[in-house]
Amino acid sequence: MWQDLIFLAGSVLSIVFLAPTVRDATANVPLGSSVPSMTIGAIYAMTYATMGMRFSALGSLGVATMWSLIVSYRSPGPHDGPANAVRFVRSLGRRVRRSVTGTPTDDEYVAPSQSAD
């Protein structure tokens, strides 16, 4: 199926374009960008595999792997490794809870004696 090869070519290009970021020890990619990209790549890989598009699945798995390396080793902050994804999900959960309950975050809190400006 020719579409399988087209999707594979797109994934290979993504891998080529992501490689410099993985190799650059000074790169800082926010988890808010890299974790969703990693997740989407993995979901695409599973979806292509269930459709019998093996090449597309392998290409998307490669893209998800590149993003997982960026999540693990190129995110800003003092920590390295796969635990960065877990920290991001926990942080996202806290933000959702705060927005639902109406509790201000540390950045949003204004002391009674301070101006909001």
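Residue G10 is found in helix α1 of this predicted model. With a relative accessibility of 36%, G10 falls between the limits of 20% for buried and 50% for exposed, and therefore counts as partly exposed. G10 lies 50 residues from S60 in sequence, and the C-alpha atoms of G10 and S60 are 9.1 Å apart in space. S60 belongs to helix α3. Its relative accessibility is 5%, so S60 counts as buried. When residues up to four places away in sequence are set aside, S60 touches S11, G41, Y44, A45 and Y48.

One of these contacts, S11, is placed in helix α1, which comprises residues 2–23. S11 counts as buried because its relative accessibility is 8%, under the cut-off of 20%. With residues up to four places away in sequence again excluded, the residues touched by S11 are G59, S60 and V63. G59, S60 and V63 are each listed among the buried residues of α3.

The protein contains four helices and zero strands, and the order along the sequence is α-α-α-α. Of its 117 residues, 28% count as buried. The accessible surface of the protein amounts to about 8,000 Å², and carbon and sulfur atoms contribute 64% of this area. Contacts between residues at least 6 apart in sequence were also considered; 69% of them join residues at least 24 apart.

Helix α2 has 20 residues, and the distance from its first C-alpha to its last is 28 Å, close to the 28 Å expected at 1.5 Å a residue. Its buried residues are L31, S34, V35, M38, G41, A45 and Y48. These residues cover an arc of only 165° around the axis, which puts them on the same side of α2. The packing partners of the buried α2 residues are α1, α3 and α4. Among the buried residues of α2, G41, A45 and Y48 also appear in the contact list of S60. After α2 comes G52, which has a positive phi, near 80°.

Helix α3 likewise has 20 residues and reaches 28 Å between its first and last C-alpha atoms, close to the 28 Å expected at 1.5 Å a residue. The buried residues of α3 are S56, A57, G59, S60, G62, V63, A64, M66, W67, I70, V71 and S72. They pack against α1, α2 and α4.

Helix α4 consists of 19 residues, 83–101, and should span 27 Å at 1.5 Å a residue; the computed distance between its end C-alpha atoms is 27 Å, which agrees. Within α4, N84, A85, F88 and S91 are buried. These residues are on the same side of α4, because they cover an arc of only 125° around the axis. The other side of α4 carries V89, R90, R97, V100 and T101, which are exposed. The buried residues of α4 pack against α2 (31–50) and α3 (54–73). G102 follows α4, and its phi is positive, near 85°.

Aromatic side chains were examined by the distance between ring centres. The count comes to two aromatic pairs. F7, Y44 and Y48 form one aromatic cluster. Two members of this cluster, Y44 and Y48, are also touched by S60, and Y48 is one of the buried residues of α2.

The record for this protein, an unreviewed UniProt entry, assigns the annotation "transmembrane region" to residues 42–70. In the predicted model, the chain over residues 42–70 is 90% helix and 0% strand, and the end C-alpha atoms of this stretch are 14 Å apart. Helix α2 covers residues 31–50 and helix α3 covers residues 54–73, and G52 comes after α2. Residue 70 itself, I70, is listed among the buried residues of α3.

Terms used. Residues numbered from 1 in each chain as written. Predicted model: local features only at pLDDT ≥ 70, side-chain atom pairs only at ≥ 80, totals over all residues. Heavy atoms only, no water. Helix = DSSP H or I, 4+ residues; strand = E, 2+ residues; numbered from the N terminus. Expected span 1.5 Å × (residues − 1). Buried < 20%, exposed > 50% of the residue type's maximum accessible area, 1.4 Å probe, protein only. Arc of directions from axis to C-beta. Contact = heavy atoms within 4.5 Å. Phe/Tyr/Trp six-rings, centres within 6.5 Å; stacked < 30°, edge-to-face > 60°. Areas by Shrake-Rupley, 256 points an atom, 1.4 Å probe, with all protein chains shown as cover. UniProt positions renumbered as here; feature names shortened; annotations may be inferred.
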